[in-house]
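Colleague: Before we use the labels attached to this model, I would like to hear the reasoning behind each of them. Could we go through them one at a time?

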Amino acid sequence: MDWSAIREEYETTDISLTDLADKHGIKYPTIKSRKQRQGWDKDASESIKDASNVKDASQKRRGPPKGSRNAAGHGAPKGNKNALGNSGGAGGPYGNDKAVTHGFFRKFLPDDTAEIMDAIEDRSPLDMIWDQITIQYAAIIRAQKVMYVTDKDEMIKELKKEKLQIIDTSTEEESSFQPVATEREFEFQFAWDRQATFLNAQSRAMTTLQGLIKRYEEMCRLGYADEEQQLRISKLKAEVASMDKAKMVESVVFKDDLHE
């Protein structure tokens, strides 16, 4: 995406920000955010036009005055070969990142991290909040399967620690040593404990999700969202409300089972 050309088109023509976004296939909040961050200004184009009609004082005289010897003796000394073999070309050596947007960070961050930073350069704050919402929501949905408790009698037995001893099982024909467990420690997870842990973790996750949704809605009210973005948050709110209701029912049912 050539943002320099898009900015120049905005500042030097009468096109609106909405029409500019449609023309280049950019989301309106994205281009609006970039305009605010970089200070795009149509008035700047007028000042440029006015300045171009006035003869710049620097154009009256180019170079030093006749007879000036201010630069005498400067330049490369005789026999200097610093530029020998330099044919110009694309710029710095291979792998040079000085002109990259996040060139400074590339010195210290892993390549994949720097690539992610480059990829999110065009993401608006609203898009970033939506990314957080979808990731959090996906984690909550996935947890339903990972932490599912079948019934009140379910119990999980997990090996926590094991001590091994090497036993010599050699024979006359060959040498052999086998590890044999001499001590084992198990951890038991009961249904009621797992269910309580699950409900507490889910409650915290849902609180975080609802906070993100609230921030997203606030930005929508401030005019940072288009119609599509407003519709998708409305749909998500309905799904979250349904999940909250199901969670309450599940908690009540499980408690009733425990009392039986």
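Colleague: To begin with placement, in which strand is L159 found?

Modeller: This is a predicted model, and in it L159 is found in strand β1.

Colleague: Why is L159 called partly exposed?

Modeller: The relative accessible area of L159 is 43%, and because buried means under 20% and exposed means over 50%, L159 falls in between and counts as partly exposed.

Colleague: What is L159 in contact with, once its neighbours within four places in sequence are left aside?

Modeller: L159 is then in contact with R184, E185 and F186; contact here requires heavy atoms within 4.5 Å. For R184, the separation from L159 is 25 residues in sequence, with a C-alpha to C-alpha distance of 7.3 Å in space.

Colleague: What makes the nonpolar surface patch, and how much area does it have?

Modeller: The patch has about 610 Å² and is made by M155, L159, F186, F188, F190 and W192. Two or more of its residues come from each of β1 (155-168) and β2 (177-190), and β2 provides the largest share, with 3 residues.

Colleague: How do you know that F188 may belong to such a patch, and why is F188 called partly exposed?

Modeller: F188 has its place in strand β2, and its relative accessibility is 43%. Patch residues need over 30% relative accessible area, so F188, at 43%, passes that particular cut-off; because 43% also lies between the limits of 20% and 50%, F188 counts as partly exposed.

Colleague: Turning to the interior, which residues have the most contacts inside the largest nonpolar core?

Modeller: That core has 19 residues, and those with the most contacts inside it are I133, L209, I213, Y216, I233, L236 and V240. At least two core residues are supplied by each of α8 (125-146), α9 (191-221) and α10 (227-259), with α9 giving the most, 8 residues. Leaving aside its neighbours within four places in sequence, Y216 has contacts that include L126, I129, W130, I133 and I233. A second, separate core of 10 residues includes W3, I15, L17 and I31.

Colleague: Finally, what percentage of the protein chain do buried residues make up, and what is the accessible surface of the chain?

Modeller: Buried residues make up 22% of the 260 residues, the term being kept for those under 20% relative accessible area. The accessible surface comes to about 19,700 Å², and 52% of this belongs to carbon and sulfur atoms.

Key:
Residues numbered from 1 in each chain as written. Predicted model: local features only at pLDDT ≥ 70, side-chain atom pairs only at ≥ 80, totals over all residues. Heavy atoms only, no water. Buried < 20%, exposed > 50% of the residue type's maximum accessible area, 1.4 Å probe, protein only. Areas by Shrake-Rupley, 256 points an atom, 1.4 Å probe, with all protein chains shown as cover. Patch = residues over 30% accessible without salt bridge, like charges linked within 9 Å, V, L, I, M, F, W, Y side chains within 5 Å. Salt bridge = Lys/Arg side-chain N within 4 Å of Asp/Glu carboxyl O. Helix = DSSP H or I, 4+ residues; strand = E, 2+ residues; numbered from the N terminus. Core = buried A, V, L, I, M, F, W, Y, C linked by side-chain atoms within 4.5 Å.
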